[in-house]
Amino acid sequence: MIRSVVRGFGAALPKRVMTNRDMEAIVDTSDEWIVQRTGIRQRYVAGDDETTASLGEAAARAALANGALTPADIDLIICATSTPDNTFPATSVNIQNRLGMSHGFAFDVQAVCTGFVYAVTTADAYIRGGLAKRVLVIGAETFSRILDWNDRTTCVLFGDGAGAIVLEAAEGEGTSADRGVLTAHLRSDGSHKDKLYVDGGPSTTGSVGKLRMEGREVFKYAVGMITDVIQAAFDSTGTTAEDLDWLVPHQANRRIIDGSAKKLNIDADKVVVTVDLHGNTSAASIPLALATAAGDGRIKKGDLVMLEAMGGGFTWGAVLLRW
């Protein structure tokens with residue numbers, strides 16, 4: 001059977017680093033408070049010359065270089081983002097143009113923090129369906145553009161950045177020993193919309209709006225939803241937490257990450273954590289974490305890797321793949 005195998009990975013971050021001490025000068029907060037409740041120590045914030053598309057392009061070029069590929073080798077670009085450069089066209093089309101591509105096709109996926117998991121699942125479906133052989137999957141965000149910098153409960157949490165992988169078609173035996181995407185499980189429940197949303201949009205206010213969140217409510221649901229899809233991934237492949245080499249979660253909050261791993265009996269040493277360095281970068285957080293862990297040699301060829309995320313909507317999902 002056809003599997004979608006990771007060929008290359010890459011990441012890009014803005015030039016500016018904003019530490020928790022820097023945040024203390026903006027809102028009534030403290031480094032101790034932020035670290036204790038979230039695990040975040042710093043985040044990156046895009047400058048005037050940095051956009052979601054420019055960060056996505058840089059991550060894409062890094063992934064192509066890592067996979068010894070060029071834009072000519074790509075059939076499809078999928079960009080997961082909630083902070084596009086424009087209402088339209090899609091940021092992926094902008095990135096396609098910036099890469100010098102005029103072939104293939106490109107589109108965006110919007111599932112907020114679960115966006116990259118949705119995008120990987122979509123890319124896998126296109127590859128298995130024979131509509132693409134190589135797909136550039138990007139998660140890119142500039143959440144700093146939609147933050148209320150007077151709201152100390154949200155502005156300390158988020159950061160900007162981009163990550164990317166290249167998935168390519170490869171033959172597999174149809175077992176959990178195959179390399180590539182083994183299974184994916186996606187969920188959504190729109191009844192939770194008001195717990196995490198942006199209070200603006202083209203058809204409602206005609207404005208961009210700002211991020212609003214009921215933090216305690218999100219936390220209350222997060223661990224249960226995340227463990228649900230992870231367990232579904234294990235069940236569908238006949239694998240267990242003991243078989244897993246790495247859990248690469250959405251980097252929203254260290255307490256959510258730790259709580260999910262503990263509930264599933266996943267050893268803390270198997271969990272990739274970058275929330276302290278990047279903050280919550282929404283759809284960019286998983287590919288940034290992947291690039292970090294694969295880049296420093298932790299994630300190796302043949303490793304069993306679980307990706308999981310939960311985001312506004314609510315949306316949530318998990319992808320189990322063998323690197």
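**Helix α7, cores and a buried arginine**

Q: Starting with α7 in this predicted model, which residues are exposed?
A: K262 and K263 are exposed. The model is predicted.

Q: And which ones are buried in α7?
A: I256, I257, S260 and A261 are buried in this helix, which spans residues 254-263. Because they cover an arc of only 125° around the axis, they sit on the same side of α7. K262 and K263 are on the other side.

Q: Why would residues three or four places apart point the same way?
A: An α-helix has 3.6 residues a turn, so that spacing brings them round to the same direction.

Q: What covers the buried residues of α7?
A: The cover includes α6 (215-237) and β11 (246-249).

Q: What caps the N-terminal end of α7?
A: N253 does, with a side-chain oxygen 2.7 Å from the backbone nitrogen of R255.

Q: And what follows α7?
A: N265 follows α7, and its phi is positive, near 60°.

Q: New topic, the largest nonpolar core. Which residues touch the most other members?
A: I230, L244, L247, I266, M306 and M310 do, out of 44 residues in that core. At least two residues of the core come from each of α6, α7, β12 (304-311) and β13 (315-322).

Q: Where does the largest share of this core come from?
A: From α6, which supplies nine residues.

Q: Take L247. What is L247 in contact with, leaving aside neighbours within four places in sequence?
A: L247 contacts I230, A261, I266, K270, V271, V272, M306 and E308. Of these, A261 is one of the buried residues of α7.

Q: How many residues are in the second, separate core?
A: That core has 37 residues, including V6, F116, A132 and I286.

Q: Switching to cysteines. How many disulfides does a search of the whole structure find?
A: Zero. For C79, the nearest cysteine sulfur is that of C113, 14 Å away. For C155, the nearest is also that of C113, at 16 Å.

Q: Is C79 buried or exposed?
A: C79 counts as buried, at 0% relative accessibility. C155 is buried too, with a relative accessible area of 0%.

Q: Aromatics next. How many aromatic pairs turn up in the whole structure?
A: Six. F143 and F158 form a stacked pair, with 5.2 Å centre to centre and 25° between the planes.

Q: Where do F143 and F158 lie?
A: Both F143 and F158 lie in the loop between β6 (134-142) and β7 (160-171), so the pair ties together parts that are 15 residues apart in sequence. Both residues are buried.

Q: Which residues form one aromatic cluster?
A: F105, F107 and Y126.

Q: Last one, R3. Where is R3 placed?
A: R3 is in strand β1, residues 2-12.

Q: Buried or exposed, for R3?
A: Buried: the relative accessibility of R3 is 7%, and the cut-off for buried is under 20%.

Q: What does the side chain of R3 make a polar contact with?
A: The side chain of D178, at 2.9 Å. A polar atom of the R3 side chain also lies 3.3 Å from the backbone oxygen of V181.

Q: Which residues does R3 touch, not counting those up to four places away in sequence?
A: R3 touches I127, E168, A169, A170, G172, G174, T175, D178, R179, V181 and L182.

Terms used. Residues numbered from 1 in each chain as written. Predicted model: local features only at pLDDT ≥ 70, side-chain atom pairs only at ≥ 80, totals over all residues. Heavy atoms only, no water. Buried < 20%, exposed > 50% of the residue type's maximum accessible area, 1.4 Å probe, protein only. Helix = DSSP H or I, 4+ residues; strand = E, 2+ residues; numbered from the N terminus. Arc of directions from axis to C-beta. Contact = heavy atoms within 4.5 Å. Polar contact = N/O pair within 3.5 Å; in protein donor to acceptor, adjacent residues only side chain to side chain. Disulfide = S-S within 2.5 Å. Core = buried A, V, L, I, M, F, W, Y, C linked by side-chain atoms within 4.5 Å. Phe/Tyr/Trp six-rings, centres within 6.5 Å; stacked < 30°, edge-to-face > 60°.
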